[in-house]
Amino acid sequence: MTAPAFAPETEERLALARQVADAVLFEGYVLYPYRASAAKNRLRWQFGVLVPPAWGAECEEHDFQHTECLMEPRAEASLAVEVRFLHARRRTVQRALPDGGFETVPELHLDDRVLVPWDEGAEERVELVAPVAQLTGDGVEFPFGKPAVEDTEPVLDATGRTVGRLVRRSAEVTGVVRLSASELDGPYRVLRLTAVVENTTPWTPPEGRAADRDAALPHSLVATHLLMALSNGSFLSMTDPPEWAKGAVAACRNLHTWPVLAGEPGRADLVLSSPIILEDHPAIAPESLGALYDATEIDEILALRTAALTDAEKREARGTDARAAAVIDLADSMPAEVLERLHGAVRGLREITGEPDGFPDEFGVTRPDTPWWDPASDAGFDPEQDRVMVDGRPVGRGSRVELRPGLRHTDAQDLFLQGRTATVEAVLHDVDGAVHLAVTVDGDPGADIRREQGRYLYFQPDEVVVPEDPR
């Protein structure tokens, strides 16, 4: 087995998969509101952390990942493997002293940011190539290591004067990749591929002190995942295998990771084994213009919330990490038309409707060739004058109705309004031709505010009845 740079054709195939792999690598790297002082940014890194064995023995985190998947290699096939992880770099902040020296401080204030101690993540890769024929039997083993590094970066103020420096230190980490394959019984030539990534760093917690996760992180492999490419052959989907392979797939053992087909849809020669469960052929949404690192929220909400941070909060975020600063700048500079595109897209219907994917605009956002809705179609509707028949009676603005929700069970809160009377504020027609009644509940102390803001409750005509005394 060798560890050369990948061949150009392999690099080309990996390019698309690396877009998703980068998202896995930095998932949860820094969470909204992107400040080091935020409580949820004090416990760093939750996915794919392979800790040193001495720490793994004392906690519930693991020092290895174990991937198994099925492949159908052809003659003379080789397997290219890329192990990707973050190497923690502990950053301290120092202030310049009049005598030319420096002292460590908890924060350093500049005009545009506030620098604070922080753990940065340096991207690391381990590349190796092995002929599939060498993987049978005992397989192959590839040890790797990344050295300890220390560097300093001067901090300058707006006039160019040195006011401090950042000191970054990373610890040595070592690991091993083990690859093996075994042929399965059956009419087809199918191999079960096993890939194990293990942290072998010989670090131990300081004697006489309780083990501490924060102390173990610099010696860990963070957000660890694998990209594996066959030069000649294909992998089987672990999520949706063919019928004949379902038993063999169920027998595969995957610990702390999950393999999915990656790269271009329709191809099966590339696998991403990720600590985050993904679907086959995962892809970055074309509407997304940059990483926001916090998958607990959707891009639209994060962009709006980030833009709404105070100037003081943005200064701290910019000083927390360069990636956090990029998020702040992205939110502050995002054009309204780009933000609008983050509102959502239903891609699953395109196979049914035949809707084209569209074309990218000047911001790189894909727009459809024709608008999905024609504003001119609204001309024949008037929410304040329109009427709809309920129980044989016309109902419109000002009508009183009795609410009978629960037919569709779309909103549990609507059930609390069962039997309440309400006043119709408008009759609305949506683009699919459905009719909705906008109402305010009688006796609601906030009804006037709802009218001012246009924030009504909505029911369809078959979810209301006209009371016997409609006054």
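On a 1 Å grid over the protein atoms alone, a pocket is an open set of points with protein on both sides within 12 Å along at least five of seven lines, whereas a cavity is a set of points where a 1.4 Å probe fits but cannot get out; lining residues have an atom within 4 Å of a point. Grid points are joined across faces, edges and corners, and a volume is the space filled by probe spheres set on the points. The structure examined here is a predicted model, in which local features need pLDDT of at least 70 and side-chain atom pairs count only at pLDDT 80 or more, while totals for chains, interfaces and linings use all residues. Residues are numbered from 1 along each chain as its sequence is written, and side-chain values use heavy atoms, with hydrogens and water left out.

With these terms in hand, the second largest pocket is a good place to start. About 270 Å³ of space lies in this pocket. Its lining comprises 14 residues, and N41, R42, R44, D119 and D214 are the ones nearest the centre. Sorted by class (Ala, Val, Leu, Ile, Met, Phe, Trp, Tyr, Cys and Pro as nonpolar; Asp, Glu, Lys and Arg as charged; the others, Gly among them, as polar), the lining holds 7 charged, 5 nonpolar and 2 polar residues. Helices (H or I, at least four residues) and strands (E, at least two) are DSSP runs, numbered from the N terminus. At least two lining residues come from each of β2, β6 (118-131) and α3 (213-216), and β2 gives the largest share, with 3 residues.

Enclosed space is a separate matter. The structure has 1 cavity of 30 Å³ or more, and the largest cavity holds about 50 Å³ of space. Its lining is made of S288, L289, G290, L292, D299, A303, L330, M334 and L342. By class, 6 of these residues are nonpolar, 2 polar and 1 charged.

R44, one of the residues nearest the centre of the second largest pocket, also leads to the aromatic side chains. This arginine lies over the face of W45, 4.2 Å from the ring centre; a charge sits over a ring if NZ of Lys or CZ of Arg is within 6 Å of the ring centre and within 35 degrees of the ring normal. R165 lies over the face of F102 in a like manner, at 4.3 Å from the ring centre. Rings of Phe, Tyr and Trp (its six-membered ring) pair if their centres lie within 6.5 Å, with planes under 30 degrees apart counted as stacked, over 60 as edge-to-face and the rest as tilted. The whole structure yields 4 aromatic pairs. F26 and Y29 form an edge-to-face pair, because their ring centres are 5.5 Å apart and their planes stand at 80 degrees. Y32 and Y34 are also edge-to-face, because their centres lie 6.0 Å apart with planes at 90 degrees. Ring pairs join F26, Y29 and W45 into a cluster. Buried means under 20% relative accessible area, exposed over 50%, and partly exposed in between (1.4 Å probe, protein chains only); F26 and Y29 are both buried, and so are both Y32 and Y34. The peptide bond from Y32 to P33 is cis, with omega near 10 degrees, and P33 sits in the loop between α1 (8-25) and α2 (53-56).

The strands come next. Two strands pair if DSSP finds at least two bridges between them. β2 (residues 78-96) runs antiparallel to β9 (residues 162-170), joined by 6 bridges, with R168 in β9 as the bridge partner of R91. β9 also pairs with β8 (residues 149-156), in the antiparallel sense over 8 bridges, and R169 in β9 is the bridge partner of E150. A hairpin is formed by β8 and β9, with 5 residues between them, and G160 in the turn has a positive phi of about 90 degrees.

Further along the chain, an open sheet of 5 strands follows the order β23-β22-β21-β20-β24 with antiparallel pairing. Its edge strands, β23 (457-459) and β24 (464-465), each pair on one side only. Within this sheet, 7 bridges connect β21 (residues 421-429) and β22 (residues 435-441), and V427 has L437 in β22 as its bridge partner.

Two residues that are not glycines complete the account. H281 has a positive phi of about 55 degrees and is buried, with a relative accessible area of 19%. D391 likewise has a positive phi of about 55 degrees, but counts as exposed at 53% relative accessibility.
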